[in-house]
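Colleague: Could you walk me through this one? I'd like to start with how the helices pack and then get to the DNA.

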There are 2 protein chains.
Amino acid sequence: MVRKTADKPEETPEQAGPLDRHLRDYAGYNIKRASNIMQSNAAKALDPYGLRITTFSALCVIVDNPDVTQSQLAAALNMERSNTVLIIDSLEEINLIGRFRVPTDRRSYALRATLAGIKRRDAAARALAKAEEERLVNLSPEERAQLADLLRRIDPLD
Amino acid sequence: MVRKTADKPEETPEQAGPLDRHLRDYAGYNIKRASNIMQSNAAKALDPYGLRITTFSALCVIVDNPDVTQSQLAAALNMERSNTVLIIDSLEEINLIGRFRVPTDRRSYALRATLAGIKRRDAAARALAKAEEERLVNLSPEERAQLADLLRRIDPLD
DNA sequence: ACTATTAGTTATGTTCTATAGCTATATTCG
DNA sequence: CGAATATAGCTATAGAACATAACTAATAGT
């Protein structure tokens, strides 16, 4: 491809500052950057336990809510029902949870964690808490609570 | 596949509350949920301008920093150099930016927005600001500033 | 000059997310 | 009751963001 040449390096940018200074005015930009960091951090922490972020999240909900259905799980995690299927499949394949038929509604499954699932969740949860801790050293407990509060006012949650 | 049946619906969960109550203790979980909302919101706002979030972000940086290189752009947006290539390609294809050879370093390109690129950025930026505004109605200006501050202490940025 | 580094590129793979359509079962309501 | 409608789970597929490895060309270091 033919490329033109920048004959003169032009004037230096009017106002100095970081290259992304304009973008930093967007809450979404700041949230996304922080999210990326927390996500890759979490993924690394969970990897030794054979869990991804989505499978860990699902496992967590199932451990804490025995007999939850896939639809309830999808709603709780704000994801599409179709996307829960493979997540549940992979948790079931490694015997961390089981699908059980519900006599009163044969369309749905009651999801239950196995003993191994509970143990795996507990261990992974501790590792994740520790990994987050390292990332949040700059925030006091009050600030962390405030961050959670501000974020929940963006995401109505319930 | 053979499925067992849940003979007894078991006891109701010990402590009540949302199904994801355990997960809400993780900053990463709260950030991710808020991030998903802001991202899909931003994507919808930018779509009419033919921009995705990543192309808009890149365009923004290029408009504000004429003659920035792809490596600088990648560093500013915290992304891999390899992933900037297709983003820059697509911005160039629709004539919003141009790649210009740098006489002093023939390895790199100086990226510059075209007039159309500047106009497109400005229009998209306004639409995005408006869309974010609607999502952040529950946060006062002070709270938005505080959120940005807290997030930047997670992401060291510079 | 020889080596190491940098800029851009290509190819590839994973993960997350979203949509449409399907089957089986439940529910609603005329 | 029976027909229409809704729900639960599943399949297939696609887009987008993100990451890694390996390559070429050009530059910088020694």
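Modeller: Before the packing, one convention: axes are lines fitted to C-alpha atoms, for helices over the stretch in contact, and angles run from 0 to 180 degrees between N-to-C directions. Please also keep in mind that this is a predicted model.

Colleague: Okay, at what angle do the axes of α2(A) and α4(A) cross?

Modeller: The axes of α2(A), which covers residues 53-64, and α4(A) cross at roughly 75° and come within 10 Å. With 65 to 115 degrees counted as roughly perpendicular, that makes α2(A) roughly perpendicular to α4(A).

Colleague: And which residues of the two helices meet?

Modeller: From α2(A) there are Thr54(A), Thr55(A), Ala58(A), Leu59(A) and Ile62(A), and these meet Ile87(A), Ile88(A), Ser90(A) and Leu91(A) of α4(A). By class, the contact of α2(A) with α4(A) has six nonpolar residues and three polar ones, with no charged residue.

Colleague: Where in chain A is confidence highest, and where lowest?

Modeller: Confidence in chain A is highest in α2(A), at a mean of 97, and lowest in strand β1, residues 4-5, at a mean of 52. Chain A averages a pLDDT of 89, and 88% of its residues score at least 70.

Colleague: What about residues 7-14 of chain A?

Modeller: Over residues 7-14 of chain A the pLDDT stays under 50, and the model has seven contacts beyond four places in sequence for them. Where pLDDT is low, the predicted coordinates should not be read in detail.

Colleague: Switching to the DNA, which residues are closest to strand D?

Modeller: Lys32(A), Gln70(A), Ser71(A), Arg52(B) and Ser82(B) are the closest of the 21 residues that surround DNA strand D. Of the atoms of strand D that come within 4 Å of the protein, sugar and phosphate account for 64%.

Colleague: Which side chain is 2.8 Å from a base oxygen of strand D?

Modeller: That is Arg107(A), through an N or O atom of its side chain. For the phosphates of strand D, a side-chain N or O atom of Lys32(A) is 2.5 Å from a phosphate oxygen, and one of Thr54(B) is 3.2 Å from a phosphate oxygen.

Colleague: How many of the residues near strand D are charged?

Modeller: Nine are charged, alongside nine polar and three nonpolar residues.

Colleague: And strand C, which residues are closest there?

Modeller: 21 residues surround DNA strand C, and the closest are Arg52(A), Ser82(A), Lys32(B), Gln70(B) and Ser71(B). Sugar or phosphate makes up 59% of the strand C atoms within 4 Å of the protein, and the rest belong to bases.

Colleague: Which polar side-chain atom lies 3.3 Å from a base nitrogen of strand C?

Modeller: That atom belongs to Arg81(B). On the phosphates of strand C, a polar side-chain atom of Thr54(A) lies 3.0 Å from a phosphate oxygen, while Tyr109(B) places a polar backbone atom 3.0 Å from a phosphate oxygen.

How values were computed: Residues are numbered from 1 along each chain as its sequence is written. Chains are lettered from A and ligands numbered from 1 in the order in which they are written. This is a predicted model: local features need pLDDT of at least 70, side-chain atom pairs count only at pLDDT 80 or more; totals for chains, interfaces and linings use all residues. Side-chain values use heavy atoms; hydrogens and water are left out. A residue is near a molecule or strand if one of its heavy atoms lies within 4 Å of it. A polar contact is a pair of N or O atoms within 3.5 Å; within protein, one must be able to donate a hydrogen and the other to accept it, and residues adjacent in sequence count only if both atoms are side-chain atoms. Ala, Val, Leu, Ile, Met, Phe, Trp, Tyr, Cys and Pro count as nonpolar, Asp, Glu, Lys and Arg as charged, and the others, Gly among them, as polar. Helices (H or I, at least four residues) and strands (E, at least two) are DSSP runs, numbered from the N terminus. Angles under 35 degrees count as roughly parallel, over 145 as roughly antiparallel, 65 to 115 as roughly perpendicular and the rest as oblique. Contact means heavy atoms within 4.5 Å. pLDDT is the predictor's confidence in each residue, from 0 to 100.
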